[in-house]
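Please look at the sequence and the structure together before reading on. The report below follows a long element, its neighbours and a group of rings.

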Amino acid sequence: MGSRKPQDYSPDEFDSVVEMIRKDASLRADIEAITGQTVYGKTPRELFNLFRTIEKTTAVQAAVVNYGRARQAVRETRAMLAEGSLEDLAPADPALRRIQDLEAKVDELKSTNSRLKETNKALMSGKPISVIKGEVAS
């Protein structure tokens, strides 16, 4: 969510925000509680700036909440992996599929790494080697 500059708001948006703040007593009370400032005696520009401050604060709070949820999901997944309780996930669960794909990729890379290590040892020892399919040996 990008932060809008004051000039990015239309005059109608500006007017409606100012009017809403002036007419809604509970909104004024909320703004005063959040900002610690009174709205009485403020110019329309100052009222609008209070609105923008709250808008930015709300966006930051939402980002923090989303980050917290993501961290919790990661912790839960790690705990499930540590317990070996992946069976708890539904077979069609995207997280389970992703984990299974990653495990398969790790196994494939380990196998390739082992073959490359064996080839490297053979090359270093001067023994004849068999060429790994798809690889160039010198």
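Helix 3 is followed by Gly84, whose phi is positive, near 70°; helices here are DSSP runs of H or I with at least four residues, numbered from the N terminus. The model is a predicted one, in which local features need pLDDT of at least 70 and side-chain atom pairs count only at pLDDT 80 or more, while totals for chains, interfaces and linings use all residues. Residues are numbered from 1 along each chain as its sequence is written, and side-chain values use heavy atoms, with hydrogens and water left out.

Helix 3 covers residues 44-83, and its 40 residues should span 58 Å at 1.5 Å a residue, which agrees with its end C-alpha atoms being 58 Å apart; the expected span is 1.5 Å times one less than the number of residues. The buried residues of this helix are Leu47, Phe48, Leu50, Arg52, Ile54 and Met80, where buried means under 20% relative accessible area, exposed over 50% and partly exposed in between, with a 1.4 Å probe and protein chains only. Helix 1 (11-23) and helix 2 (25-35) are included in what covers them, contact being heavy atoms within 4.5 Å.

Which helix 1 residues meet helix 2? They are Met20, Ile21, Arg22 and Lys23, and they meet Ala25, Leu27, Arg28 and Ile31 in helix 2. By class, this contact has five nonpolar, no polar and three charged residues; Ala, Val, Leu, Ile, Met, Phe, Trp, Tyr, Cys and Pro count as nonpolar, Asp, Glu, Lys and Arg as charged, and the others, Gly among them, as polar.

A search of the whole structure finds four aromatic pairs, meaning rings of Phe, Tyr and Trp (its six-membered ring) with centres within 6.5 Å, counted as stacked when the planes are under 30 degrees apart, edge-to-face over 60 and tilted for the rest. Two of these pairs are listed here.

| Pair | Centres apart | Angle of planes | Kind |
|---|---|---|---|
| Tyr9 and Phe48 | 5.0 Å | 85° | edge-to-face |
| Phe14 and Phe48 | 4.9 Å | 45° | tilted |

The pair of Tyr9 and Phe48 links distant parts of the chain, with Tyr9 in the segment before helix 1 and Phe48 in helix 3, 39 residues apart. Phe14 in helix 1 and Phe48 in helix 3 are likewise a link between distant parts, 34 residues apart. Tyr9 is buried at a relative accessible area of 9%, Phe48 counts as buried at 0%, and Phe14 counts as buried at 18%. Ring pairs link Tyr9, Phe14, Phe48 and Phe51 into a cluster.

Note on methods
Helix = DSSP H or I, 4+ residues; strand = E, 2+ residues; numbered from the N terminus.
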